[in-house]
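Student: Please take me through a close look at a single part of this model, the packing in its interior. I would like one connected account.

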Amino acid sequence: MPLIEWDDRRYSTGIERYDNQHKRLFEVLNELHDAMEEGRAEEELGDTLRELERYTEHHFSDEEEFMEGCGFADDCSDCFFQHQEMHEEFAEKVTELREKHEEGEYITMEVLEFARDWLDSHIAGGDQDQSYGEYYDSKVDDYDYDSHDLDDSTFQ
Ligand SMILES: [Fe+2]
Ligand SMILES: [Fe+2]
């Protein structure tokens, strides 16, 4: 049974690029969860933690560049800085967990629960990942509106 299942209604940002990156993160967790159920989590955990560190670094900087590039970071700098801070906190926690694991602690469940809950609230929490999706969506609507000549339907 997967630990966390993708659901468009709950998790989609409306931007395929980021949805795909989020799906990849879900996959990493689900693979570790499978390994745990099959009794080989200890072998997998080190790789999973390194993969989480590596992939989230790429994902977070990609998201942050997007938020800057589309105007979101300028329109709401507080939202942007708060978002960036959440990314930093996650990255620090994953590094901390990797070190714990290297010291021999058994922390598979802690990793799974922490990462699942964090991703769930960070993506679906409304004020985080979905907020740049909504912002972008509203810009695209504006753009579409501006790029079309007024026609009769505008006055109905
Ligand atoms: Fe994200
Ligand atoms: Fe994010």
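Tutor: Two residues are in contact if their C-beta atoms, placed from the backbone, lie within 7 Å. By that criterion, and leaving aside neighbours within four places in sequence, Val-94 is in contact with Leu-49, Leu-52, Glu-53 and Thr-56. The model is predicted, so local features need pLDDT of at least 70 and side-chain atom pairs pLDDT 80 or more, whereas totals for chains, interfaces and linings use all residues. Residues are numbered from 1 along each chain as its sequence is written, while chains are lettered from A and ligands numbered from 1 in the order written.

Val-94 belongs to the largest nonpolar core (buried Ala, Val, Leu, Ile, Met, Phe, Trp, Tyr and Cys joined through C-beta atoms within 7 Å), whose twelve residues also include Phe-26, Leu-49, Leu-52 and Val-111. Two or more residues come from each of α2 (16-37), α3 (41-69), α5 (77-102) and α6 (108-124), helices being DSSP runs of H or I, at least four residues, numbered from the N terminus. The greatest contribution, four residues, is that of α3. Apart from this core lies another, of five residues, among them Met-67, Phe-72, Ala-73 and Tyr-136.

Along α3, the buried residues (20 or more other C-beta atoms within 10 Å; exposed, 12 or fewer; partly exposed, in between) include Leu-45, Leu-49, Leu-52 and Met-67. After α3 comes Gly-71, with a positive phi near 100°.

Ala-73 sits in helix α4 (residues 72-75) and is buried because 20 other C-beta atoms lie within 10 Å. Beyond its neighbours within four places, Ala-73 is in contact with Met-67, Glu-68 and Phe-80.
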